[in-house]
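I opened this notebook to keep track of what I looked up, going from the whole chain down to single strand pairings.

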Amino acid sequence: MSDSAQGAGQTSTKPMPRPPGAATPRRPRPPRERGTDLEPGRSPAQLKRRTFSWVGLASVGAALGACGVRFFFPRTIFEPPTTFSVGYPSEYGFGVDSKWQSKYRIWVCRDAEKLYVISAICTHLGCTPDWVSAANKFKCPCHGSGYDAAGVNFEGPAPRPMDRCKVWLAPDGQLMVDKLVVFRVDDWDQPGAFLSA
Ligand code: FES
């Protein structure tokens, strides 16, 4: 049978001629033999760089994930209420009671004629003074302003007396305070600025 007769019946397996200088293809190998020799070897510095890059990427991903989670928990400041009860008048004796200073930033005070509530905010720059019972005065820790038991300034840079909060009796007889309604010294005799003792 001639060559032309064979070609008509089956595909020729003769390889195509290669251009000069072309790389010789590798012989196909089974999967278990492939791999390591196909990639060039890496130096320790390259491996270190690659590790560093992955760690960086993972950190960025973690930070973005944390931001996403934080989005669902907005930052909220839980302030105490501005209107609240401070118990019954009978709980307060003569003088200054500082038990609500840290919770509500007020002092409940009683003198011979009235019961009133002082807003514990220094009129200089807004710090919280402390009641110093031994000296019978309020003393501001920031710049040294001093106030007497009525909240009237007498030393330091405070420009005026401390304000008083609105106070009234609830139907059940408890003392109610509204910190958002305050009375400056000129209004201390107004209704709401005190209760008769
Ligand atoms: S803030 Fe109180 S003395 Fe300055």
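For the contact count I took two residues to be in contact if their C-beta atoms, placed from the backbone, lie within 7 Å. With that cut-off, and working on what is a predicted model, I found that 42% of the contacts in the protein chain between residues at least 6 apart in sequence join residues at least 24 apart.

I then looked up burial and found that 17% of the 197 residues of the protein chain count as buried.

Next came the secondary structure, where I noted 3 helices and 11 strands, arranged along the sequence as α-α-β-β-α-β-β-β-β-β-β-β-β-β.

I turned to strand β3, residues 106-110, and saw that it is mostly covered, with 4 of its 5 residues buried. Strand β2 (residues 95-97) runs antiparallel to β3 and is joined to it by 3 bridges, and in this pairing G95 stands opposite R110. Strand β4 (residues 114-119) is also antiparallel to β3, through 5 bridges, with W107 of β3 facing I118 of β4. A hairpin of 3 residues makes the connection from β3 to β4.

My last entry concerns an open sheet of 4 strands, which I read in the order β5-β6-β7-β8 with antiparallel pairing. Because β5 (130-132) and β8 (153-155) stand at the edges and each has a single partner strand, one side of each is left without a neighbour in the sheet. For β8 I checked the pairing with β7 (residues 146-147), which is antiparallel and rests on 2 bridges, and I noted that G146 stands opposite E155 in β8.

Note on methods: Residues are numbered from 1 along each chain as its sequence is written. This is a predicted model: local features need pLDDT of at least 70, side-chain atom pairs count only at pLDDT 80 or more; totals for chains, interfaces and linings use all residues. Two strands pair if DSSP finds at least two bridges between them. A residue is buried if 20 or more other C-beta atoms lie within 10 Å of its own, exposed if 12 or fewer, and partly exposed in between; C-beta atoms are placed from the backbone.
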